[in-house]
Each structure stands twice: as structure tokens, then as C-alpha cells.
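User: I would like a close look at one small part of this protein, explained step by step. Here is the model.

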Amino acid sequence: MGSKAEAEVSYSQFACVGTGFSAIGLGATLTKVYPGCACDVPSALYSFSFEPNPAWSRVLPSSGGLWAYLEGVALKYDLKRRMSFGMRVDKCEWLEPAGRWRMAIRHLKTGTVLTHECQFLFCATGQLVQPRELDVPGRERFKGDMFHTARWRADVSLSDKKVVVFGNGCTAAQVVPAVVGSTRSLTQFVRAKHWILPPIDREVPDWAHALLRRLPGLMGLQRLLVFLAAEHTLRGFPLTEAAARFRRAQRAKAERYMRAAAPARYHDLLLPDFEVRCKRRIFDAGYLASLHDERLTLTEEPPLEMVAEGVRTASGVVEADVVVVANGFVTSEFLVDIDVRGVGGETLQQHWRQAYGGPEAYNCSVLSGFPNMFILLGPNAATGHTSAVMAAENSVNYALRIIRPVLEGRASIAALRADAERRYSDRMQAALRSKVWNSGCQSWYVTTADGDGDGGQTWNAMSYPWSQAHFWYRSVFPVWSDWEYQPPTQQHATSLAAMERRRASTLGPSTRGSRPWALSPLRTVSDDDATRMDDFYGNSSAASFVREACNGVMTLNEHNSASFALPPRALADHLVALYFDRIFYLYPFFHRPSFNRAYQSLWEPAGPGHPPKRPFVDPNPDLDPPLFMGLGSSLNAGADSIVFHCALNAIFALGCHFFDGIGNDRDTTALTILNCSKSLMTLDFLESDPLGVAQALLIITLFLQSTPFPGPCWNSVGIACRLAQGTGLHSETGGGRHPPLEKEIRRRVWHGCVLVSMAFGRPTMTMHASNIPLPSLADDEGDDARAATAGPEVPSRMGYFTQSIRLSMILEKILDRVYQPWRGKARRNEAHDRSNFDAVIELDSELTSFEASVPGFLAWTGGAVLPASGFELLVLMQRNVLKGRFFYVRLMLHRPLLSSLWTSHRSQAGGAAAAGSGSDPACSASSLRSSLTVQCGISCVRCAMDLLDLTYSTYETQHGTTWWWSALYASTAGLVLVMALSCPPLLHTSLDIHSLETSWGVCCAILAQLADLNASVRAEESSPALINAAQNGDTLPDLMAHFYPEDMMSDLGYLGLDLDMMGGEHLSWSTST
């Protein structure tokens, strides 16, 4: 290994060796492609439970069908970019001090050896993967082509060739009927006998495909019935009299079929004299019928040696142009090509040879002395009667349950107890010795035990003696007493940080359009990655460390800085900087210098000769009383407090949303980080500094706005509002007792509570914000004196926050006077509707006045020019965000009238169709009220179009709002467009369909892009109809043909919207509603 390769050590939390069924099951390669290759387990069962396939063409899937299925699953779950090919894992070694696995990975083309480390190692290399060598001497003398079926040579034609086939098991029974028709002759050497059962394969008709696609639950029922049918055959495996009767009946059925289908001259060569099920059963795929072909010769004469012309036997030479070896695979061996070393350097083979009679594993996947490692389809995981894919899924489910305490940060290592492994292994082998595999036949299931002190007993490392239902139960309900968990340690976190420091130099400001770092919960080595050392895992390591660093967080009775795990300094600084660049000056809830001083102290050494870490202390020590400004400025909210670290983790999580270095996994990473805050939010948290707790909860609420969980978001800001009121932030009577800077921070927090509580159109949780003066324009960047003395037209970092509060006061009036949530769903009367109509006109005038009064550096009307300030990009972002909020508030003001117009039109159309009656006065063209309603509807639609144009021009830049607000804007505006298209009174005005369809295209582009980048937008359980339509590329008329706006309104609940506040049917002002 060269020095460069040695220096490059990449890291991911998970690593998986293998890319087949088991590996895809872990995340969510077929080599056997010989003619006739197919599975002998029904397709309904030989597939993932989480990804059923209604399109299987046959009952028993072909190799091509399986390949297409796996390819589709890998593409759907975006697994191929996490996989690597052209690589070989040479060694996996457990690093005891670090608590992780180190892998040596060889690039097969270049020979370069790469080093990768992971916390959890999954081995999914399969069972039947190593072809068995032909045990006939003289192979090198044969002049023709010879190959194993697992390495079928497509370049070798069998047409008009003399072919010899060794073997007559499952593979040969598929190959022979597929090729015999094209050969000149085919001689098959029978090495053993097998029970061949009647065929079960057939084509799946089109009508069955249609039913499986269209009837909910039918695929699940089909899978269950096939599973039960397979489990029924398990009754023939025990060595009991009842099982013997079952086997005799099956034997009679198989013998009748074989005698009827095979030529009589071959009966003695084919019919076994051992129990059914002692070897793996074969479903006939045309093999017995092919034996009637005059070109085929079946012989049991032993081959003596290979010669140049073919195969010599006691009777002479069987000439051959091509020899096909179909003698199966090496069995009872696992991971023999990888040097796997556990605790103390013990290898897998040493573990099995010294303590056991052969390969074994607890619950078929785990070994003592090999912590945090799982073998998928490991020893005894396979079955003789049902699907191995189910066994692989069970192993994955089991592993995820076992490592859950580690993922949640309550432990760093999961280790199996040695005595538990011994008990399980002894019970397994005892059960296997009482099954049909030990009834006397020679099969690949059973070998002779080679462990120390096993006395030549049989050893079965291949079969599972119980039902798959039993395996599922064992996997879903682990025996926790068989496991030992090592708690997180500072040494463990330190080793992770050391790994990242070697990569910290790669961390820098991200640029849109650059190749994203590949953070993933499942990461394997890729051929492409190996040719780009800058991208090989490497850059993913900084991001993936975030997750593991959070897992080191511990909640202790005595909290100190050593109790809180932090990401590497470079990564932490970058995430905090992103938060201050994109979020802080939109919501400046805390005093930045106080926070920064506490944050910097986290990285200062502590111990003998070093001063202890301290919270922020005001530079004027003579000030009485001292300043209490929450985060970073008091003992209970300082660097060593739970409150500070809750807020810091939320800041890290928000920073992840703007960090291109973690690619499309930013949602998962951010949620993982936020869980660190969640683990700290105990009663101790609520009993800390109330101002600091309110600030932390507001920051957490900002993050929760980006998730599809409106409940926690609403609850978090609700607690913050309660704490703010309990601290007296809502009143400044006798306010002289607070110093000016402290009073300023208190105002920010109070207005922040009011502002955030009305996010997404929720009614405010507090009394009117106007009772508390607005915060000053003085910011926290050292410009306080200039900002305090300058006029409102001078650019200030705090300008947006004050204008946003002003706008929120108008929004509060809209929610109170127009939507009136306190009325609930009570029926409105006409007098009440008229008063609300007046409120809309009055509040629209207030919005117009607000727009005209916005300071010049934030104004968007009249060709406003961005003034020089030294922070122009920040001002540009604030201007765009304020402009978007303004359009959204005005849209909310007019949306109930649009809804009223739309509902009245539908009511009128429905009434006319049913009874031929006249129209609703609210929609009458001669009605003044109707005309004004139409104008308000037009205003709502134009606001939606303006909002979409603004969002489209900024959502992929750094000077626009956050992606979750962009998603809200696009969804809300898109719904308005749909309602407008279905409301002719609007279309007959100055609006035209072309303009609407253009805006709809903009809406689709925004939603489709955001859904691709953010899991919260595309979450299946809350996927809005608008987003589905956007991703499908539906035009606006297409959408109207399938959906109704009220259906999509209910879908918008995923954004945290109160459905009664959406201006829907319950808010319609038509008396006919």
C-alpha cells in the first residue's frame, strides 16, 4: 500500500460487503446467468416484503426477471450510488480502543489498497457463491472449452457441439433442457440422485397482473398464501413417525411423476433410495422430458480423467467440444476470502475451529468477540423449504433492533455474550440432528464436525431447523439478556474526532453545483470513487461523523462540557456559520456575542493550568444587576448547560439544511442531530434559565418547521410562549429594572414567540404583540452606536426582523378578523359575512400602507436599488424573504373570498343541474358584492403568481427563503391556481389560461425539485396531491381532471397548516354552503 493510500482513511457509520439481495435488503448481483437459470422459490416469496412486485412474468422468476427486480429496487431507493463495484475487501479488523471496524479494500483494476473505517460492519457476501471445482484429474489436458455454470461463457456457442455436463442437481436440471436442442450430442454424468417433483412454474396471465396492481392487499394475501404453503412442507423434516408418513406420501407422488415423465431406461439412474427432503427438492423445468431427446445420453459411469478429446471412462472416451461443470457450490464456508479479525485479533475461522464444530452464528448472524458486526444470510440462515430472502430480511431487522441503543446514543458498542452463543449453537445443532438431513443421504447440507473435541459428529451450517415464522419472532423480539452494551465514552468520541481532523482540511464553503459529498447510512466502495480520491468516501466522512458524534451525547446528573459530544471543530464552525448566515438575522432570538463567547469556550482546554470554562460575563462588572440574556450569558444557560447544548444541536441541525456537503441526506442527518437535543430535554431542561429555554425552544421550532411533524412544532413554540409570559416578557410595566441590552433581548424573544407561533397561518398563541415596543435597529455586530443614531433608511442587519414583526401584526388581525378561529366551524350568517368583507378591504389597505412604508434598503417597489452596507447579500436575502412573506400574507387575506367564489360557483352549478334553479346572488354578475369578490379573487391569484415567480427566482440561491417556506409558498399558490382554473367568473376577467398555466409550470418545477432534494417534502405518508402532480409532470387541465381543490387542501396539512384556516368550505361565505 502506498503512502498516499495509507494516509487516506475514510469513514461511514455503516459499511456493507456485498451488493446482492441481502445488501439491498439492508439498504433497501447476479452471476448465475446460464441458459434456463431461474429460481426454485415462487416469485411472490422470493422478493422483499417492503417491495412487492405485481409484474412477475412467471411463478418461478427467471434470472432476467430477478435482475430487473433488483435493479428496480436499487434505483427506487437510490442504492446504486452507495454501492461500489470492481473492489475486493481483503481484511476487516476490529479496533478495540476506537470501537470501530477497519477495512482494507483493494481496487481490482489498479491494485490500490484503500482504508475505510465504520462503526457497524455488515457482511452480505451470500452462501452459494464459490463454484465447486471439478474433482476429475487432467483438466489442463482438455483442448476444448470448459467452464462452470456460475461462470457461464456467453462467447462459447454450443450449437452443433459435442457437450458434456457434469452433475444432475438443481442447476443441471435447468441447463440441460435449455441447451440440448442446439447441440450435436449431450452426455450428462450423473453424480448423485435427486427427487424431482412435478413442475409448478407457469406464466402469470395479464388478468392476474391487473388484479394484483388494482386490488389493495391482494399482493400481501398472495404472499401470505404462498408462505403458508411453503411452511406446510416443513412438517416433513423432523425424524418422527408423523413426518415419515408425510414424506412417504410425497415420495410416492414424486416417484409416480418421475416414472411417468422419464424414459424407462433411466429410471434406475434417477430414482433415489433415500428420504424425500434429505436433499434439496427439484421442481421439474422440462428436464425429464428432455431425456427423451435422442441427442442426450445419461450415464452414471465414473469419469476417470480428462483427456484432450474429452472424458475417459472405463468404457472409453466420451468426446467433447465443450464441458459444462454443474456440480454446485462450496458449502459450509463463510467469508473465507476475507480476513475478518475480532477482539484480540481472533479470526472467524479460529473462532469456529477452536470453539465449535464448524461455522455457526447466534441467530444466524452474530458472533461473540466480533462486536457491531452482522452476517446477512449467515450460518444456518438458509432454509430447505422457503425463501432465503425472508431470512435475509429477518437478519436485517434483527440487526437494526440490536444496534438501536447505539444509534440512539445510549451505547457505543453492542457485543454478544459468549455463553449465549454457545447455548444457541448447541440447541441449533441438536435440533438439526433430529431432522431429515441426518437420515442417511449424502448432501451439501451436512459435513463432519472439524472443531476441537467434537468427536466426528455431523455439523450442519446451512439449514435452519425451525420455521421462518420462528426466525421472524426471534428477530423481532431479541433476547436482550444475551447482549452487553458498552456505554459511550469520551475516548470513543475522541477517536472519532481524530478521524475527522485528518479530513478537516477538505472542509470549506460549499458551492451549488459542485459534486455533493455522499453521506449515507449504507456506504460501500465504488469503482468510480476509487479513481477520484478526493471524493472516495472521504468527503462523506465529515458529514457522516455528525450522526455518530450525536450518538455520544449523554444525559448525566451533573452536566459538564465533557458530557456533551461535539462534531469536529471545523465541521461545527461551518454549521454554526451557515446558521448565522441564513437564519440568525431573520430570527435574532439571542445575543450573538454572548453565544459566541460560550461557544468558543467549548473548545478551550480544561484542566490543571487552564482556567475553567465560564458563561458570558458582562464587560462592565460594576453594572447592577448583572445582565441575564439567556443563551451564553448566565450559569444555567452557559457553555456547560443543558439549555445551551440543546440550542447548539438545533443550530447544527438547521445548518445542515444549507450544507451541500451532505447531499440529499441532509434531512436524515439534521433529524439525527436534533435527536441529541431531544435526549437532553428533561425536567432539568425546563427548570433551567427560562429565557434561555424559550430561546432554545424557538430555535428548535424553526427546525421543526422543516419536518412533516406539525404537532411537535406547535407544542414547542407553545411552551416557549408560556415560558415567555411566565418570565414577564409580555409586559414592560416597571421595565426600568432591566438594563437596555437585556430589555432589547427580552423584546426580541417576545416578538419571536408571537412571530413563530403564527407560522404557516396558525392563530397566535399570545396577546397582541403591539403592547411591546419593537426591537431597535441596533445589531450585535459592533454597529450598535451607528444603528441607534441613524435613521430607519440606513441599512441594518436588524431591519428585516422589525419589519417582519410589523407584518405579523397585520397577519394577526387577518387571522382574528377574517378567519376568526375562535368561531370554530359555526355557520356564518349574511350580516357576519358583510362585516368580514369590510375587514378584508380595511386590511388590504393596511398591507398597501405597509408596502409603501418599508425602508428603502428592504423595499421591492419603485425600482429599489440595493444600497452599500458592507452586508449587501444579507440585505438582499432579507428583502426577498420579506417580499415573499408580504405576498403570502396578502394571499391569505384574499383567499377566503376566492374560496367563497369557487364554492358558490360549484353550488350554483350543482343546484342548476339538479333542479334547473337560478343562480346564487353571491355569483350574480349584477351584484356589486360579487364584483368586489371577483376582484379580491383576482388579487389572490395574482399574489399567488407573484409569489411563485419570486420563489422560482430565489429558491436555488442563497438570497431566498428556506426550502420549507418555498415548499409552503409553492403548494399554497398552486392550490390557488387550481381553484382559479375551475372558477369561470375569474377566467372571464383579466386573467387568462396561458398565464395560469405558465405559473403552474413554475409551481411544478419548484415542487418537483424540492421533493427530489428533501425527504420531508416527499414523505409518502403526507405526500400532497400537488407534489405528486408536479413530479408526474401533470398540466393544469390534467390535474383538474383527477383532483378537486378540496382534496388537495386536506393534503396540505403536512405543512403544519390548520385546515380550518385554509379558506376552504367551512370558511366559505356563501349562505348556500
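In which sense do strand 11 and strand 12 pair, and over how many bridges?

Analyst: This is a predicted model, and what follows describes that prediction. Strand 11 and strand 12, the latter covering residues 310–313, pair in the antiparallel sense, and three bridges join them. To place this pairing in the sequence, look at V307, which stands opposite G310 of strand 12.

The pair belongs to an open sheet of three strands, arranged in the order 11-12-13 with antiparallel pairing. Strand 11 (305–307) and strand 13 (316–319) are at the edges and have a single partner strand each, so one side of each lacks a neighbour in the sheet. From one strand to the next, the twist averages 35°. As background, the strands of a sheet pair through backbone hydrogen bonds, and the pairing can be parallel or antiparallel.

For the setting, the protein chain contains 37 helices and 20 strands. Of its 1073 residues, 57% are buried. The chain exposes about 43100 Å², and carbon and sulfur atoms supply 54% of that area.

An antiparallel arrangement also appears among the helices. The axes of helix 18 (residues 569–584) and helix 19 (residues 592–601) cross at roughly 170° and come within 13 Å. Helix 18 and helix 19 are therefore roughly antiparallel to each other. Helix 18 makes the contact with R569, A572, D573, V576, F580 and F584, while helix 19 uses R592, F595, N596, Y599 and Q600. Sorted by class, this contact of helix 18 with helix 19 has six nonpolar, two polar and three charged residues.

How values were computed. Residues numbered from 1 in each chain as written. Predicted model: local features only at pLDDT ≥ 70, side-chain atom pairs only at ≥ 80, totals over all residues. Heavy atoms only, no water. Axes fitted to C-alpha atoms, helices over the stretch in contact; angles between N-to-C directions. Helix = DSSP H or I, 4+ residues; strand = E, 2+ residues; numbered from the N terminus. Parallel < 35°, antiparallel > 145°, perpendicular 65-115°, else oblique. Contact = heavy atoms within 4.5 Å. Nonpolar A, V, L, I, M, F, W, Y, C, P; charged D, E, K, R; others polar. Pairing = 2+ DSSP bridges. Buried < 20%, exposed > 50% of the residue type's maximum accessible area, 1.4 Å probe, protein only. Areas by Shrake-Rupley, 256 points an atom, 1.4 Å probe, with all protein chains shown as cover.
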